[in-house]
Amino acid sequence: MPEADVVYSDLNFDNSQRNGGRDGASSAPESHYASVKVAKTQSKSQRGTDAKPARSKLTLERAALATLSVLLVLGLVAICYLSYQNVQTRKKLKNLKAELKALKANGICWKCDFGWELDGESCYKFSTRYSTWEESKSLCGYLNSDLVKIDSLDKQTFLERRLRDKMAFPEDKFWIGLTDSKSEGQWLWGDGSPLNASLTFWGRGEPDNWSGEDGKVGEDCVRMGEKDGAHDLRCWFDKACDAKQKYICETAAQRGRQSCTYF
Ligand SMILES: [Ca+2]
Ligand SMILES: [Ca+2]
C-alpha cells in the first residue's frame, strides 16, 4: 500500500482502569501509534461510489442537450429548404401563367378557312349543291380536300349530329368517301385504305347493294345522315354512285396565330 494511503492517529488508553488502581497513584497516559489503513481506503471508495451517479446524470443531461441542439438545427435547415422550394415553385407557376397568357394573346389555335367547320384537328365543308359521288370527290379535290374519311367514333358522332341540322328532308343525305366500286363487298376509303370492320355505322339492312331503283345495277357508294337523328349513330347507306347527293369534304386544320374561332 502506498504511503499516501496510510493514516496515522493518536490512540490514548487509560492505564489506571486497566491496573485496577493498584498503584494508588495516577500515571500519565501512554501514547500508541497505529496505522489505520481501512479507514482511508473506505473513505476514498465511499467518495467514488457517491460521485458516480452524479457524474452519470450530468453526462446524460449533456447528451440530451446536444441531441436536442442537433435536432433543432436540422429542423431549422428543413424549414429554410422548404421555404426556398415554395418560393421557387411559386415563381415557376407565375412564369407558366405568363407564358399561357402570352400564347392566348398570340392566338395559338387550330383554325379553318371561311365556310369550313372545325372539329378536332380537321375542317369539314358541308355542300349545298347535289352531285354524283365521283363529281363530289372531284369538287372536294379542287378545295385541297377529299370526301370525308370516318375513322373514329368522335368523328362519326360529330358528323351525325351536324347532319340533323343540315338535312332539308329525310333523303337529303350526304356522300362520304367510302365505295366498293372496284370490287363488290370490298369497301375502301378515298385514299385507298380499307374500311375497319370494327368501326362501321351501317344503317339497318345495309349495305344491301340494291338494284331495284330505276334499273340501276347495285349500289357501290355510301351516303350518311338521319334528319331525325340516329341515336345509335348507325346511318350509313350504300347508294348508286350516279345519284345526286350533297357531300362532305374534309381537310386538315391549320395551326394559326390569328383570327382563331376555336381554341
Ligand atoms: Ca356494292
Ligand atoms: Ca342500300
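Okay, let me start with what I mean by buried: a residue counts as buried if 20 or more other C-beta atoms lie within 10 Å of its own. On that count, buried residues make up 17% of the 263 residues in this protein. Keep in mind that what you're looking at is a predicted model.

Quick overview, then. The secondary structure comes to four helices and twelve strands. As for contacts, take those between residues at least 6 apart in sequence: 69% of them join residues at least 24 apart.

Now, let's go to strand 7, residues 174-179. How many of its residues are buried? Six of the six, so strand 7 is largely enclosed by the rest of the structure. Look at both faces: Phe174, Ile176 and Leu178 point one way, Trp175, Gly177 and Thr179 point the other way, and all of them are buried.

Who are the neighbours in the sheet? Strand 9 pairs with strand 7 in the antiparallel sense, over three bridges, and there you'll find Thr179 opposite Cys221. Strand 8, residues 188-189, is also antiparallel to strand 7, with two bridges. Thr179 turns up again here, since its bridge partner in strand 8 is Leu188. Then there's strand 11, which runs parallel to strand 7 and is joined to it by two bridges. Over there, Phe174 stands opposite Lys246, and Trp175 stands opposite Tyr247.

Let's stay on strand 11 for a moment. It's mostly covered, with five of its seven residues buried. Strand 5 pairs with strand 11 in the antiparallel sense, and that pairing has five bridges; Tyr124, for one, sits opposite Glu250. Strand 6 is antiparallel to strand 11 as well, over two bridges. And which residue is the bridge partner of Asp146 in strand 11? That's Glu250, the residue we just met opposite Tyr124.

On to the core. The largest nonpolar core has 27 residues, and those with the most contacts inside it are Leu147, Val148, Ile176, Met224 and Ile248. At least two residues each come from strand 5, helix 3, helix 4, strand 7, strand 9, strand 10 and strand 11. Which element gives the most? Strand 7, with four residues.

If you want one residue to click on, try Ile248. Leaving out anything up to four places away in sequence, Ile248 touches Tyr124, Phe126, Leu147, Val148, Leu159, Phe174 and Ile176.

Last stop is helix 3, residues 133-142. Its buried residues are Trp133, Ser136, Lys137 and Cys140. They cover an arc of only 100° around the axis, which puts them on the same side of the helix. Why does that spacing work? An α-helix has 3.6 residues a turn, so residues three or four places apart point the same way. Flip to the other side of helix 3, and Ser138 and Tyr142 are exposed.

What do the buried residues of helix 3 pack against? Strand 6, strand 7, strand 9 and strand 11. So we're back at the strands I've been talking about. And right after helix 3, have a look at Asn144: it follows the helix with a positive phi, near 55°.

That's my tour. Happy to rotate the model if anyone wants another look.

Conventions
Residues numbered from 1 in each chain as written. Chains lettered and ligands numbered in written order. Predicted model: local features only at pLDDT ≥ 70, side-chain atom pairs only at ≥ 80, totals over all residues. Buried ≥ 20, exposed ≤ 12 C-beta atoms within 10 Å, placed from the backbone. Arc of directions from axis to C-beta. Contact = placed C-beta atoms within 7 Å. Core = buried A, V, L, I, M, F, W, Y, C linked by C-beta atoms within 7 Å. Pairing = 2+ DSSP bridges.
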